[in-house]
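Colleague: Please show me the chain, and then let us go through the reasons behind its description.

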Amino acid sequence: SLQGGAESARSAPATLSRRWLRIEALDPRAVFSFGYKPEDLGETVQPDLSQTGSGPAMAARNIHQCGFHVDQFVSITGLRRAGRPLLLVADPEAGDMRYPRAAEELKRKLDASALSLARQGFAILRNPVPVLPTIDTNKCLPRLYNNVLLENVTRNGETQPLVWVPHFGDLELLTNFDAENRRIWESLGFRAIGVLGFSHLASRNGALRCATKVIMRGL
């Protein structure tokens, strides 16, 4: 962990720098941080993208992560927009108007997280994600449309790269969200394939990517 608990509050910048160096020794690619600063909660002003920070610089501040894993709420598209890597970041909204508070709280955290990613040099596109009670435990949780499987190369016989998007409209009144999330991926040049049956995984905070083990990647 880069930082966490009481230890992180006492960690000097030099300690964080050493931790980043250990990560960079394992993977020479640039390292970025997914999280939000409490002071950015509720921030609606567009970031000044002429002033971007690195992952280590962001982690040296007081940041918190939204969710358990980044792929719950962020999809890496493999595309670029205006020279910046494009990320698809969940934009929560109430899927059941009787329970607006859970969606509002999650949206504040993800808005601030998207702001942080933009400051690190990413282009951000948002996709609608409903928050509503699950069908088995009745917990008010998001449907993880960002938990996708994606290919950035076009297969033989295909004209577009493929993306498999978890769908929930077979058991819940979410067909509009299913369709809109497919449309967003199609607008990015992918052939979007909806995969039904993930309502039962919503209470486990997972979806398609979480239920899949990748055993080989194309070069």
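Burial, helix and loops

Modeller: Of the 219 residues of the chain, 40% count as buried, a term that means under 20% relative accessible area, with exposed over 50% and partly exposed in between (1.4 Å probe, protein chains only). This is a predicted model, in which local features need pLDDT of at least 70, side-chain atom pairs count only at pLDDT 80 or more, and totals for chains, interfaces and linings use all residues. Residues are numbered from 1 along each chain as its sequence is written, and side-chain values use heavy atoms, with hydrogens and water left out.

Colleague: How do you know that the length of helix α4 agrees with its number of residues?

Modeller: Helices are DSSP runs of H or I with at least four residues, and strands are runs of E with at least two, numbered from the N terminus. The expected span is 1.5 Å times one less than the number of residues. For the 20 residues of α4 (residues 100-119) that gives 28 Å, and the end C-alpha atoms are 29 Å apart, which agrees. Buried residues of α4 include L106, L110 and L117. Just after α4, G121 takes a positive phi of about 105°.

Colleague: Why is A82 called exposed?

Modeller: Its relative accessible area is 77%, so A82 passes the cut-off of over 50%. A82 lies in the loop between β1 (74-81) and β2 (84-94), and has a positive phi of about 55° although it is not a glycine.

Colleague: What makes N138 exposed?

Modeller: N138 has a relative accessible area of 54%, which is over 50%, and therefore counts as exposed. N138 is in the loop between β3 (123-133) and β4 (140-142).
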